[in-house]
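Here is a set of questions and answers for a first reading of a protein model. Keep the sequence and the 3D view open while you work through them.

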Amino acid sequence: MDRTVRYELADHVATITLDRPDKLNAIDGAMRRDINEAFARFRFDDDAWVGIVTGNGRAFCAGADLGSQTGNPAGDFPGSFWERPTVNSFESGWEIFKPVIAAVNGHCLGYGLTLLTWCDFVIAGERATFGFPEVRVGIPTTVGALRLPQKIGWQYAMELLLTGERIDAARAKEIGLAGWVVGHDDLMSEARALAARLVRGAPLAQRATKEMAVRGPGMGAVDATRFGETMRRVAAATEDAAEGVAAFREGREPVWKGR
């Protein structure tokens with residue numbers, strides 16, 4: 001069976017490309033499995049320090065493939081009212097504390113936009129569009145509704161979530177959904193340039209910092225401070241921390257190992 005997601009690793013940067021262009025990278029059951037495998041590989045690959053996720057063709061991801069007969073786009077266990085919640089993919093809540101860049105090349109809708117809300121950086125090509133169309137087919141947006149207000153603020157989030165309308169790249173940048181808008185042909189070079197900047201940082205220190213940023217707001221002040229101090233002490237005991245100090249004293253660039 002052809003793979004619908006490509007995974008490429010170079011210079012500690014993993015590029016995950018949604019590759020079902022004839023369906024605008026809409027997610028069916030087979031593609032869900034491929035996406036999950038790609039992000040699991042990224043999470044556990046010690047050589048992968050930074051991720052870029054993008055799409056092939058005219059879309060980043062056009063959401064769920066509602067007409068597919070190849071399985072549930074939400075995954076093998078999509079959840080039920082009474083059982084455990086659906087935390088079975090990156091965009092539904094997998095914890096990956098490595099930096100992730102979204103390079104949005106085209107339509108970014110539904111599942112695609114939910115995925116984007118879990119990314120740390122969003123670079124939009126000038127042809128990108130964004131939207132949660134679920135309410136226009138009678139379906140609520142759930143995980144996206146949890147995350148989007150944290151990214152862009154309540155009113156802008158509710159406008160997208162409750163109207164089902166799309167916005168363009170310029171509007172996405174204006175409301176803080178995208179950090180940068182670049183020419184379509186420059187999108188991947190800009191994403192790789194940002195990734196190259198990120199890999200200059202110590203990868204374990206970056207992950208501890210991101211985890212602190214994710215977990216800390218959900219804790220009380222004392223617990224968050226204690227958690228942060230624990231993270232700092234753990235990171236300070238790594239080989240990379242010793243290398244960072246040595247490189248600073250010797251006036252050279254550090255050579256990180258991720259351990």
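**A loop, a helix, a sheet and some salt bridges**

Aspartate 185 sits in the loop between strand E10 (180-182) and H6. The model is a predicted one.

Q: Is aspartate 185 buried or exposed?
A: A residue counts as exposed when its relative accessible area is over 50%. Aspartate 185 has 72% relative accessibility, so the residue counts as exposed.

Q: How far apart in space are aspartate 185 and glycine 125, C-alpha to C-alpha?
A: In sequence, aspartate 185 and glycine 125 are 60 residues apart. In space, the distance from C-alpha to C-alpha is 7.9 Å.

Q: What distance separates the end C-alpha atoms of helix H1 (residues 29-44)?
A: Helix H1 has 16 residues, and at 1.5 Å a residue they should span 22 Å. The expected span uses one less than the number of residues. The distance in the model agrees with this, as the end C-alpha atoms of H1 are 23 Å apart.

Q: Which strands and which helix do the buried residues of H1 pack against?
A: The buried residues of H1 include Met31, Ile35, Phe39 and Phe42. Arg32 and Asp34 are also among them. The buried residues of H1 pack against strand E1 (5-10), strand E2 (13-18), strand E3 (50-55), strand E5 (100-104) and helix H2 (111-117).

Q: At the start of H1, which backbone nitrogen does a side-chain oxygen of aspartate 28 reach?
A: The side-chain oxygen comes to within 3.3 Å of its partner. That partner is the backbone nitrogen of alanine 30.

Q: Which are the edge strands of the open sheet E4-E6-E8-E9?
A: This open sheet is formed by 4 strands, in the order E4-E6-E8-E9, with mixed pairing. An edge strand here pairs on one side only, which is the case for strand E4 (59-61) and strand E9 (166-168).

Q: Which residue in E9 stands opposite threonine 129?
A: Strand E8 (residues 129-131) pairs with E9 in the antiparallel sense, over 3 bridges. Opposite threonine 129, in E9, stands aspartate 168.

Q: How many residues apart in sequence are the parts tied together by aspartate 120 and lysine 210?
A: The side chains of aspartate 120 and lysine 210 meet in a salt bridge, 2.7 Å from N to O. Aspartate 120 lies in the loop between H2 and strand E7 (121-125) and lysine 210 in helix H7 (residues 203-215), so the pair ties together parts whose separation in sequence is 90 residues.

Q: Is lysine 210 buried or exposed?
A: Aspartate 120 counts as partly exposed, because its relative accessibility is 32%. Buried means under 20% relative accessible area. Lysine 210 has 13% relative accessibility, so this residue counts as buried.

Q: In which helix do arginine 171 and glutamate 174 both lie?
A: Arginine 171 forms a salt bridge with glutamate 174, with the closest N and O atoms 3.3 Å apart. Residues three or four places apart in an α-helix point the same way, because there are 3.6 residues a turn. Arginine 171 and glutamate 174 are 3 residues apart, about one turn, and both lie in helix H5 (residues 169-174).

Q: With which residue does arginine 200 form a salt bridge?
A: Arginine 200 is exposed, with a relative accessible area of 56%. The closest N and O atoms of its salt bridge are 3.3 Å apart, and the partner is glutamate 253.

Q: How many salt bridges does the structure hold?
A: Arg3, Asp34 and Glu37 are linked in a network of salt bridges. For the structure, the number of salt bridges is 19.

Note on methods:
Residues numbered from 1 in each chain as written. Predicted model: local features only at pLDDT ≥ 70, side-chain atom pairs only at ≥ 80, totals over all residues. Heavy atoms only, no water. Helix = DSSP H or I, 4+ residues; strand = E, 2+ residues; numbered from the N terminus. Buried < 20%, exposed > 50% of the residue type's maximum accessible area, 1.4 Å probe, protein only. Contact = heavy atoms within 4.5 Å. Polar contact = N/O pair within 3.5 Å; in protein donor to acceptor, adjacent residues only side chain to side chain. Pairing = 2+ DSSP bridges. Salt bridge = Lys/Arg side-chain N within 4 Å of Asp/Glu carboxyl O.
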